[in-house]
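Visitor: Please show me the model, and let me ask how its labels are earned.

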Amino acid sequence: MAAGLTDRVLGYRCVSCNREHGRNAAGMTCDHCGGNLDVVYDYGRIAREWDRNRLERSTDRTIWAYRPLLPLHEDTPVPALPVGGTPLVRSEALEKAIGLSKIYLKDDTRNPTASFKDRASLVASLRAIESGVRTIATASTGNAASSLAGMAAALGMNAIIFVPESTPEPKLTQIQMYGAELYRVQGSYDDAFELCSKCCKRFGWYSRSTGVNPFTVEGKKTAAFEIAREMNWKAPDWVLVPTGDGNILGGVAKGFRELQLLGWIDRIPRMAAVQAEGSAAIVNAIRSGGEIESVAAKTVADSISVCLPRDGVRAVRAVRETGGAGVSVTDREILEGARELARMTGIFAEPSGAAPLAGLRALRRDGTIKAGETVVLMITGNGLKDTDSAARQFTLPEPIAPELEAVEREIARRSS
Ligand SMILES: *Cc1c(COP(=O)(O)O)cnc(C)c1O
Ligand SMILES: [Zn+2]
């Protein structure tokens with residue numbers, strides 16, 4: 001795993017048992033307890049070599065603007081395909097509707113494969129190349145897969161994908177269009193995950209699977225850097241993250257923590273995990289204060305449909321350490337949130353991507369989030385990736401004759 005690794009990385013720390021691992025650690029996970037690893041940098045050195053002014057002088061808005069905080073060697077070439085640099089959009093319409101002074105949307109639907117996952121897939125794929133491996137595999141509910149397939153295409157690598165059979169068709173089409181090898185697995189995401197792990201061991205493929213690969217978090221944390229930069233180095237009060245495995249939430253929290261370590265921001269936001277009621281293992285653990293227990297996941301929000309979260313420990317800890325919250329919302333609230341988001345802001349998100357808006361309503365209702373606070377909603381996936389669940393809320397109008405009278409009749413009918 002160490003080949004080509006930048007010497008700004010000192011090593012790894014186990015998220016579960018806190019044991020330190022050297023930068024030449026052989027496996028992807030803790031050899032003591034099997035927990036996920038967190039990349040540890042030489043922050044003193046980074047602070048000496050790099051500062052906010054240098055960053056501000058750069059016109060690069062992609063994830064590569066933050067290269068000193070990424071685990072890649074200086075000489076590793078990066079593809080031209082731009083990842084990150086997504087807009088942070090303020091919505092006065094939502095502020096009025098919800099009764100909050102500031103709501104921002106981090107629109108990560110605008111990544112190359114239309115989800116937040118590109119940040120992680122690109123960094124993990126480049127780490128595979130640095131390690132001398134050109135075949136990379138992942139288990140996924142759909143977006144990590146289509147994202148890995150797209151990044152592999154941009155890098156000329158082979159991607160091997162394991163998804164549950166329930167993955168929405170547009171994501172499957174993306175995977176096939178990018179030329180990846182697709183396996184649809186009978187069962188859940190968790191079944192696909194186990195099978196992918198076995199195959200990586202058996203065939204020597206590099207695993208991008210969420211949780212076991214320590215570098216997905218490194219890509220995902222760049223969203224925090226971008227938010228802080230857009231907000232002039234003042235962190236928001238809250239960041240609401242749709243949560244399945246917990247890797248995005250843990251990654252974004254790490255990004256803010258690193259900026260605080262470097263002295264670029266003086267406080268970090270409270271992190272809120274938003275889960276579907278039918279897939280709420282992380283929220284359950286936040287509420288109970290106990291361990292994470294597997295659930296039988298069932299929700300319309302396919303990207304956050306997870307029985308056993310693969311990075312739950314990291315997410316629960318981030319929520320606790322930031323004084324954040326966990327909230328679960330019903331499928332109906334999620335679909336209504338997606339509709340409200342589209343209508344009021346022009347951003348069309350897939351159900352999971354809009355879950356933070358449903359979560360915000362719930363956290364306002366119970367008083368957790370106060371009217372004067374500044375909130376960022378992480379909008380993680382594009383609505384065109386799952387049009388079926390959105391379309392089920394509507395009936396299509398009957399086709400009309402191409403005549404003015406037909407429109408007049410329709411106007412009369414629709415206004416009656
Ligand atoms: C993967 C994904 C999530 C959840 O991320 P986790 O790291 O699994 O918690 C949320 N929304 C979308 C659109 C995703 O693709
Ligand atoms: Zn450990």
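Guide: We will take the aromatic pairs, then the charges over rings, then one strand. This is a predicted model, where local features need pLDDT of at least 70, side-chain atom pairs count only at pLDDT 80 or more, and totals for chains, interfaces and linings use all residues. Residues are numbered from 1 along each chain as its sequence is written, chains are lettered from A and ligands numbered from 1 in the order in which they are written, and side-chain values use heavy atoms, with hydrogens and water left out.

Visitor: How many aromatic pairs does a search of the whole structure find?

Guide: Eight. Rings of Phe, Tyr and Trp (its six-membered ring) pair if their centres lie within 6.5 Å; planes under 30 degrees apart are stacked, over 60 edge-to-face, the rest tilted.

Visitor: What makes tyrosine 12 and phenylalanine 215 an edge-to-face pair?

Guide: Their centres are 6.3 Å apart and their planes 75 degrees apart. That is within 6.5 Å and over 60 degrees, so the label is edge-to-face. Tyrosine 12 lies in strand 1 and phenylalanine 215 in the loop between strand 9 and helix 8, so the pair ties together parts 203 residues apart in sequence. Helices (H or I, at least four residues) and strands (E, at least two) are DSSP runs, numbered from the N terminus.

Visitor: Why is the pair of tryptophan 50 and tryptophan 264 called tilted?

Guide: The planes meet at 45 degrees, with centres 4.8 Å apart. That angle is neither under 30 nor over 60, so the pair counts as tilted. Trp50 and Trp264 also belong to one aromatic cluster with Trp233.

Visitor: How do you know whether tryptophan 50 is buried or exposed?

Guide: Buried means under 20% relative accessible area, exposed over 50%, partly exposed in between (1.4 Å probe, protein chains only). Tryptophan 50 has 8%, so it is buried. Tryptophan 264, at 6%, is buried too.

Visitor: What puts the charged end of arginine 119 over the ring of phenylalanine 116?

Guide: The rule asks for NZ of Lys or CZ of Arg within 6 Å of the ring centre and within 35 degrees of the ring normal. Arginine 119 sits 5.4 Å from that centre. Arginine 310 lies over the face of phenylalanine 193, at 3.9 Å.

Visitor: Why is strand 6 called mostly covered?

Guide: Five of its five residues are buried. Thr135, Ala137 and Ala139 point one way, Ile136 and Thr138 the other.

Visitor: How do you know that strand 6 and strand 7 pair?

Guide: Pairing takes at least two bridges found by DSSP. Strands 6 and 7 have five, in the parallel sense.
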